[in-house]
Amino acid sequence: MTREHYLTAQQARDFYNRMGKRQDWQRFYEGRAIDELLRHGMFDRAAAVFELGCGTGALAEELLRHYLPPQASYVGVDISPVMVELSRQRLTPFGERARVFESEEAFEFSRYATHCDRFVSVYVLDLLSPEAIHQVLDQAYALLNHQGKLCLITLTEGSTPLSWAIISLWRGVRCISPGLVGGCRPLRIPLYLSRERWQIEFDQTVSAAGVPSEIVLASKKLIAQD
Ligand SMILES: C[S@@+](CC[C@H](N)C(=O)[O-])C[C@H]1O[C@@H](n2cnc3c(N)ncnc32)[C@H](O)[C@@H]1O
């Protein structure tokens, strides 16, 4: 069995510092999945959004401009200072409603926000190790209000001949050097969601330009100690 390699936090920071604004070029395959997330995330009922790995702030701008109620607030974090600066510039028109922080390697979201009712992360979990994904989900569970929703998109497994071929190629490239594909790998996010904690409300795979993405919306279930 081949051993999976993941980018270290420093490698991810360096990669996305170099990527900068060019991250938005990925919209050719990300856009369709993001549209589905926006359509089904009930953002018009959200008062506080937290985003892990906000990149250039493109999704935050769309949420604040078109989907969230006027009083709703947004907090984004990213490990790359270049991305944080790009997001801050982009979100300047929203003033105090939008705040963006450079995050540390450790996932401690309570440093940046006390609660949220949408926890969003788009094409980020697919570059983290399984242990890191579990840490993120634990932190998301702690941060979300009782009616809160997890709103995730990841690269996923191919489900058509074209997407299957593209994902096989992607895997081959990643095997040679994870950095060539930004560390991302196909992931089935429902496999990481414990049934005690999360109720999956929406799970759909869409392909754009042959690249498959999985959109998962899950609401937080209350467990005994909550
Ligand atoms: C593939 S990009 C996606 C950016 C944005 N969500 C989008 O869809 O355009 C991954 C983003 O996650 C950030 N990132 C990677 N590892 C991270 C970590 N451990 N903590 C916070 N952000 C991270 C990167 O700096 C980058 O901005």
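Which residue in strand 3 does valine 77 stand opposite? Phenylalanine 101 is the one, and view 3 takes a look at that part of the sheet.

A note before the views: residues are numbered from 1 along each chain, following the sequence as written. This is a predicted model, so local features need pLDDT of at least 70, side-chain atom pairs count only at pLDDT 80 or more, and totals for chains, interfaces and linings use all residues.

**View 1. The whole protein chain, with its six helices and seven strands.** Helices here are DSSP runs of H or I with at least four residues, strands are runs of E with at least two, and both are numbered from the N terminus. Read along the sequence, the pattern goes α-α-β-α-β-α-β-β-α-β-α-β-β. Along the principal axes, the C-alpha atoms fill a box of roughly 45 × 40 × 30 Å. The radius of gyration is 17 Å, which agrees with the value near 17 Å for a compact globule of 226 residues; it is taken over C-alpha atoms, and the globule rule is 2.2 Å times the number of residues to the power 0.38. As for burial, 40% of the 226 residues count as buried. Buried stands for 20 or more other C-beta atoms within 10 Å of a residue's own, exposed for 12 or fewer, and partly exposed for anything in between, with C-beta atoms placed from the backbone. Among contacts with a separation of 6 or more, 77% join residues 24 or more positions apart. A contact is a pair of residues whose C-beta atoms, placed from the backbone, lie within 7 Å.

**View 2. The shell of 20 residues around the ligand.** A residue is near the ligand if its C-beta atom, placed from the backbone, lies within 6 Å of it. Tyr16, Gly53, Gly55, Ile79 and Ser80 come nearest. Helix 1 (9-19) and strand 2 (73-78) each supply at least two residues of the shell, and helix 1 gives the most, with three. Sorted by class, the shell has 12 nonpolar, six polar and two charged residues. For that sorting, Ala, Val, Leu, Ile, Met, Phe, Trp, Tyr, Cys and Pro are nonpolar, Asp, Glu, Lys and Arg are charged, and the others, Gly among them, are polar.

**View 3. Strand 2 between its partners, strand 1 and strand 3.** Five of the six residues of strand 2 are buried, so this strand is mostly covered. Strand 2 pairs in the parallel sense with strand 1 over five bridges, where two strands pair if DSSP finds at least two bridges between them. Phenylalanine 50 has valine 75 as its bridge partner in strand 2. From strand 1 the chain crosses through helix 3 to strand 2, in a right-handed β-α-β crossover. Right-handed says that, with the strands pointing away from the viewer, the path from the first strand over the helix to the second runs clockwise. Strand 2 and strand 3 are parallel too, also over five bridges. Here the crossover goes through helix 4 and is right-handed.

**View 4. Helix 3 (residues 58-67) and what its buried residues pack against.** Ala58, Leu59, Ala60, Leu63 and Leu64 are the buried ones. They pack against helix 2 (27-40), strand 1, strand 2, helix 4 (81-91), strand 3 (98-102) and strand 4.

**View 5. Strand 4 (residues 116-122), enclosed on the inside.** Seven of its seven residues are buried, so strand 4 is largely enclosed by the rest of the structure. Three bridges pair strand 4 with strand 1 (residues 48-52) in the parallel sense, and phenylalanine 50 has phenylalanine 119 as its partner there. Strand 4 also runs parallel to strand 5 (residues 144-155), joined by six bridges, and phenylalanine 119 stands opposite leucine 150. With helix 5 (residues 130-143) in between, strand 4 and strand 5 make a right-handed β-α-β unit.

**View 6. Three loop residues: methionine 42, tyrosine 123 and glycine 210.** Methionine 42, between helix 2 and strand 1, has a positive phi of about 50 degrees although it is not a glycine. With 15 other C-beta atoms within 10 Å, methionine 42 is partly exposed. Tyrosine 123, between strand 4 and helix 5, has a positive phi of about 55 degrees but is buried, with 22 C-beta neighbours inside 10 Å. Glycine 210 sits between strand 6 (198-208) and strand 7 (211-220). Its C-alpha is 8.4 Å from that of tryptophan 164, 46 residues away in sequence.

Note on methods:
Contact = placed C-beta atoms within 7 Å.
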